[in-house]
Amino acid sequence: MIKFDFKIRQKPLAPTTTQVDKLKNWIVLFAEPAAAARRQSEPFPYQPLLTVRLSGSAPLRAGSEVYVTDLPNSIGSRVAYACIKPDIKSFELLTLARKLVAVHKKLHASSIAVQVSGFGATEQHRICEAIVAAAASASVDMPSFKSKPAKASTLNQLEIYGLVQKDSYRRTLAEAEGNALCRWLSVMPSNKLTPTDYLAHIKTLSRENGWKLDFLDVKALQRKKAGAFLAVAQGSPVADAGIVHLRYTPPAKKSAKQKALALVGKGICYDTGGTNLKPAKFMFGMHEDMQGSAVALGVLLTLTRLQVNFPVDCWLALAMNHIGPLAYKPNDVVTASDGTTIEIVHTDAEGRMVLADTLVMASNQKPSLLIDYATLTGACVYSVGTSYSGVFTNRPDSIATLIKAGVESGERVWPFPLDEDYDDGLKSEIADVKQCAMEGNADHILAARFLQRFVKQDTPWVHIDLSSSRNKGGLAHIPTDTIGFGIRYTLNLLMDNRIDT
Ligand SMILES: [Zn+2]
């Protein structure tokens, strides 16, 4: 499994020329001169050379450009640098941080030195945090099955000058570790990450992290009459589908009655589309249709690393959506564990089927908040592209907070409506509800309307349709096409912008 080992060294003072001359790889961020005039952190020793060489006598202007220069010292230290405004948006800052780190990663650097020059202390912290997030994300290797393995990542350390953060970026590193786990699992080919393999990895993680693990296998789900989940699982030649329930208990238990946070994830290890088989173009890449479950697992790992003081339940719906003689079909009617009868319309809408029974179980435990993650609909991708994810909630007063958590974390979400009249599109002649509409209009909203029926006990609920699970060339601080979107977002939502439940 993935190894995550990334160190931060912090130096309270800005580097001297002698210190700069000893280190090969540097990242420097300059404040636009107008901002620097108000400000404070020490200049970089070679600052005039870097800013004048490229821009002549005119000052370097803030922008998204990354400059690279070798210093005229004996080792030719390479400096990747940029000039920014102090109020740069988080997404843009993280994107820039990814590009600055990439300059050194390409050269197989093991350590990168950092200085942020010309900013106030709060801005300095924010900028360094983004560089930590980007460097930690770039430090991990994704699965590779090449017979001649590529050179493993050597990057394992940042040396930050002129600033000391008391907790040494503990949360940022925990988020990066959760995200790395999520991406690693998502990249695994589906013949190497079947539900059986996935469960074995989860068992190892549970042992290492002290999580309580329950696995509701097909027989247990039959006893619970979880017909929505089982409709998808029945097409598999191996009965290894099931719902994983993990529980984190805080080290110092506050009160036995303390409500838990619930995380739910869609874990379809391969989605062929089922009987309504996908065309080749849309099937390729469907081993990543389990990314929602990996995001939930990544959030759980991050919260465990941070030893949060509330319990966390994590529910992962693991299955394959196969074709075959036993696979479910359009026009089948199945009954979910809460008694809802569902008319199947399109077997490729399997995500909402496995989530339905999982949401019933998760919400019946009366969590303080339930968040689910799923690579659920193409409609969400058509609506916002792959650099945003869609968000839905049954607490409409929280929508502004949900957006704000995206702006601040740099993992951006955009909300969609969840009004009742959308249910007209799911009316069935023969059952309580249709699984989806045949025509795909606003399928992301219909999917969310379908899911909300299975959220019980008036549980506050946030549903994230992961349209940005994959983005060519990376996204924000993440350098790989597989993004693992949602961990940094969720931490912001839980720690900084807590929604009203
Ligand atoms: Zn599907």
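## Close-up views of a sheet and its helices

**View 1. Strand β17 and its two neighbours.** Strand β14 (residues 389-393) lines up with β17 in the antiparallel sense, held in register by four bridges. Two strands count as paired here if DSSP finds at least two bridges between them. Look for F392, which sits opposite H463 in β17. Strand β13 (residues 369-374) pairs with β17 as well, this time in the parallel sense and over five bridges. One spot to find is L370, whose bridge partner in β17 is W461. A quick note before you go on: this is a predicted model, where local features need pLDDT of at least 70, side-chain atom pairs count only at pLDDT 80 or more, and totals for chains, interfaces and linings use all residues. Residue numbers start from 1 along each chain, as its sequence is written.

**View 2. Which way do the residues of β17 point?** W461, H463 and D465 point one way from the strand, while V462 and I464 point the other way. Five of the five residues of β17 are buried, so the strand is mostly covered. "Buried" means that 20 or more other C-beta atoms lie within 10 Å of a residue's own (12 or fewer is exposed, anything in between is partly exposed, and C-beta atoms are placed from the backbone).

**View 3. T459, in a loop.** T459 is found in the loop between α15 (443-452) and β17 (461-465). Helices (H or I, at least four residues) and strands (E, at least two) are DSSP runs, numbered from the N terminus. Is T459 buried or exposed? T459 is buried, with 21 other C-beta atoms within 10 Å. Leaving out residues up to four places away in sequence, T459 touches S363, K366, P367 and L370; touching means that the C-beta atoms, placed from the backbone, lie within 7 Å. N364 is 95 residues from T459 along the chain, yet their C-alpha atoms are separated by 8.6 Å.

**View 4. The whole sheet.** Eight strands form an open sheet with mixed pairing, in the order β7-β8-β10-β9-β13-β17-β14-β15. At the edges stand β7 (212-217) and β15 (413-415); each has a single partner strand, so one side of each is left without a neighbour in the sheet. From one strand to the next, the twist averages 20°. At the β7 end, six bridges join β7 to the antiparallel strand β8 (residues 242-248). Try finding D217, whose bridge partner in β8 is G242.

**View 5. Helix α11 meets helix α16.** Helix α11 (residues 291-305) and helix α16 (residues 487-495) pack at an angle of about 50°, with their axes 9 Å apart. That makes α11 oblique to α16: under 35 degrees is roughly parallel, over 145 roughly antiparallel, 65 to 115 roughly perpendicular, and the rest oblique. Axes are lines fitted to C-alpha atoms (for helices, over the stretch in contact), and angles run from 0 to 180 degrees between N-to-C directions. On the α11 side the contact uses V295, G298, V299 and T302, and on the α16 side I487, T490 and L491.

**View 6. Helix α14 meets helix α16.** Helix α14 (residues 399-409) packs with α16 at an angle of about 120°, their axes 9 Å apart. That makes α14 oblique to α16. A405, G406, E408 and S409 of α14 make the contact with R488, Y489, N492 and L493 of α16.

Note on methods. Contact = placed C-beta atoms within 7 Å.
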